[in-house]
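Visitor: Before we go into details, could you take me through this structure step by step, with the reasoning behind each value?
Guide: Gladly; let us have the sequence and the structure in view and then begin with how the elements are assigned.

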Amino acid sequence: MALILVVDDDVDVAKTIELDLTQGGYHVVIANSGYEGLQSAQIERPDLVLLDIAMPEMDGIEVCRRLRASPVTASIPILF
């Protein structure tokens, strides 16, 4: 079963995406900030990251840059 990391600061949006994906047979991990998303990606090593662009503190573009800079997460596909 594929693991998808959802990074979104809007809890309602993240839960809606999680519901849709789990009904589709995917395992989902939610992170509610860019920092939490980076940490989860390093630990969980998901098959895909769904990333919100507009987040406080660290936006999705910066999260993407940091994921690409790490050898552990550089090859994980990312959708904004």
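Guide: Helices, of at least four residues, and strands, of at least two, are DSSP runs that are numbered from the N terminus. Please keep in mind that this is a predicted model.

Visitor: In what order do the elements of the protein run from the N terminus on?
Guide: The protein has three helices and four strands. Read from the N terminus on, these elements run β-α-β-α-β-α-β.

Visitor: What radius of gyration does the protein have?
Guide: The C-alpha trace spans about 30 × 25 × 20 Å along its principal axes, and buried residues make up 40% of the 80 residues. For a compact globule with 80 residues a radius of gyration near 12 Å would be expected, and the value for the protein agrees with this, being 11 Å.

Visitor: How far apart are the end C-alpha atoms of helix α1?
Guide: Helix α1 covers residues 11-23, and its 13 residues, at 1.5 Å a residue, should span 18 Å. The distance between its end C-alpha atoms agrees with that expectation, at 18 Å.

Visitor: Which residue caps the N-terminal end of α1?
Guide: The cap is made by a side-chain oxygen that lies 3.0 Å from the backbone nitrogen of D12. Just after α1, by contrast, the feature to note is the positive phi of G25, about 95°. The residue that supplies the capping oxygen at the N-terminal end is D10.

Visitor: Which residue meets K15 in a salt bridge?
Guide: An α-helix has 3.6 residues a turn, so residues three or four places apart point the same way. K15 is partly exposed, because its relative accessible area is 47%, and its partner, being three residues away in helix α1, is separated from it by about one helical turn. The N to O distance is 3.6 Å, and the partner is E18.

Visitor: Which residues are joined into one network by salt bridges that share partners?
Guide: In helix α3, the side chains of E62 and R65 meet in a salt bridge at 3.5 Å, N to O, and E62 also meets R66, at 2.9 Å. R65 is exposed, with a relative accessible area of 54%, whereas E62, at 25%, counts as partly exposed. Since the two bridges share a partner, the network consists of E62, R65 and R66.

Visitor: Is S70 buried or exposed?
Guide: S70 lies in the loop between α3 and β4, and its side chain is joined to that of Q42 by a polar contact of 3.0 Å. Its relative accessible area is 13%, and because the limit is under 20%, S70 counts as buried.

Visitor: What relative accessible area does E57 have?
Guide: E57 is placed in the loop between β3 and α3, and its phi is near 70°, a positive value in a residue other than glycine. R45, in the loop between α2 and β3, likewise has a positive phi, near 50°, and counts as exposed at 53% relative accessibility. E57 is exposed too, with a relative accessible area of 72%.

Visitor: How much accessible area do I53, I61 and F80 have together?
Guide: I53 is found in the loop between β3 and α3 and counts as partly exposed because its relative accessibility is 42%. With I61 and F80 it forms a nonpolar patch on the surface, whose accessible area together is about 270 Å².

Note on methods. Residues numbered from 1 in each chain as written. Heavy atoms only, no water. Patch = residues over 30% accessible without salt bridge, like charges linked within 9 Å, V, L, I, M, F, W, Y side chains within 5 Å. Areas by Shrake-Rupley, 256 points an atom, 1.4 Å probe, with all protein chains shown as cover. Salt bridge = Lys/Arg side-chain N within 4 Å of Asp/Glu carboxyl O. Buried < 20%, exposed > 50% of the residue type's maximum accessible area, 1.4 Å probe, protein only. Expected span 1.5 Å × (residues − 1). Polar contact = N/O pair within 3.5 Å; in protein donor to acceptor, adjacent residues only side chain to side chain. Rg over C-alpha atoms; globule rule 2.2 N^0.38 Å.
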